[in-house]
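Me: I am in my first year and would like to learn how to look closely at one part of a protein model. Could you take a single residue with me and then place it in its surroundings?

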Amino acid sequence: MSDKIFHWSSTFKTLGEDDDGSVNIKGYASTNASDRAGDVIDHEAWTKNGGLENFKGNPIILFNHDYNKPIGRATSLEVNENGLELGARISKSAGDVKELIKDGVLGAFSVGFRVKDADYIKETDGYMIKDAELFEVSVVSVPCNQAAMFSIAKSFDSQSEYDEWKAEFSKEEKQAHEMEAVNTDEIDAPQA
């Protein structure tokens with residue numbers, strides 16, 4: 001599987017400001033919805049092989065996927081039939097970011113994660129992500145698709161790098177079908 005980091009964005013709502021000046025927010029970090037590229041993260045992808053465990057150990061919330069800009073901590077994390085629901089407390093020290101959240105200018109989560117298993121979806125030329133490891137959650141200013149509530153943005157250095165990654169899954173899918181065909185031919189062959 002590829003070691004590329006993916007980002008999935010969705011909106012959140014502000015729950016209010018605490019006495020200490022921090023802001024609480026809550027929303028879905030990912031859902032079962034198909035994105036504009038035809039990719040889907042199955043909610044169960046987060047429950048396989050400890051996909052959330054490392055994040056739970058250090059549930060820092062970032063701004064725009066910048067590891068040098070921590071702005072808060074996750075306060076709740078739940079996988080349910082709709083996706084990955086997240087609550088977070090944005091620090092009073094987040095300054096302008098906190099104020100932009102309060103003003104409703106910033107309103108999207110995005111998760112950075114690694115795909116550990118996925119199936120190619122021929123109809124959409126996308127992927128059904130079946131196993132993922134959560135690396136980080138960010139409040140983002142510009143999600144991949146602002147018109148959609150949820151979207152995915154692959155973090156690749158170039159289009160050719162993304163095309164290479166897609167070809168890897170297509171090749172694995174083709175090899176799996178060839179193996180099935182060989183096995184089927186062996187079963188269907190007349191016995192002598």
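Which side chain of opposite charge is nearest to Asp131, and how far away is it?

Reply: Let us begin with the residue itself, keeping in mind that this is a predicted model. The side chain of opposite charge nearest to Asp131 is that of Lys116, which lies 4.1 Å away. A salt bridge is counted when a side-chain nitrogen of Lys or Arg is within 4 Å of a carboxyl oxygen of Asp or Glu, and Asp131 has no salt bridge although it is buried. Asp131 belongs to strand β8, and, once residues up to four places away in sequence are set aside, Asp131 touches Ala45, Lys48, Asn49, Arg114, Val115, Lys116 and Asp117.

The strand that holds Asp131 also has a part in the largest nonpolar core. That core has 31 residues, and those touching the most other members are Trp46, Ile61, Ile90 and Val139. Two or more residues come from each of β2 (23-31), β4 (60-63), β5 (66-80), β6 (83-90), α2 (96-102), β7 (108-121) and β8 (126-140), with β8 giving the most, namely six residues. As a general background, nonpolar side chains tend to be buried together in soluble globular proteins.

Ile61 shows what such a core member can touch, for its contacts, leaving out residues up to four places away in sequence, are Lys69, Pro70, Ile71, Gly72, Arg73, Ala74, Leu86, Ala88, Ile90, Val137 and Val139.

Just before β8 there is a further detail to notice, in the loop between β7 and β8, where Asp125 is found. Most residues other than glycine have a negative phi, yet Asp125, which is not a glycine, has a positive phi of about 55 degrees. Asp125 counts as partly exposed because its relative accessibility is 33%. A positive phi, near 60 degrees, is also found in His65, a residue of the loop between β4 and β5. His65 counts as buried because its relative accessibility is 18%, and the cut-off for buried is under 20%.

Finally, it helps to step back to the whole chain. The protein has three helices and nine strands, which follow the pattern β-β-β-α-β-β-β-α-β-β-β-α along the sequence. Of its 192 residues, 42% count as buried, Asp131 being one of the buried residues. Among contacts between residues at least 6 apart in sequence, 66% join residues at least 24 apart.

Definitions and conventions
Residues numbered from 1 in each chain as written. Predicted model: local features only at pLDDT ≥ 70, side-chain atom pairs only at ≥ 80, totals over all residues. Heavy atoms only, no water. Helix = DSSP H or I, 4+ residues; strand = E, 2+ residues; numbered from the N terminus. Buried < 20%, exposed > 50% of the residue type's maximum accessible area, 1.4 Å probe, protein only. Contact = heavy atoms within 4.5 Å. Core = buried A, V, L, I, M, F, W, Y, C linked by side-chain atoms within 4.5 Å. Lys, Arg positive; Asp, Glu negative; His and termini not counted.
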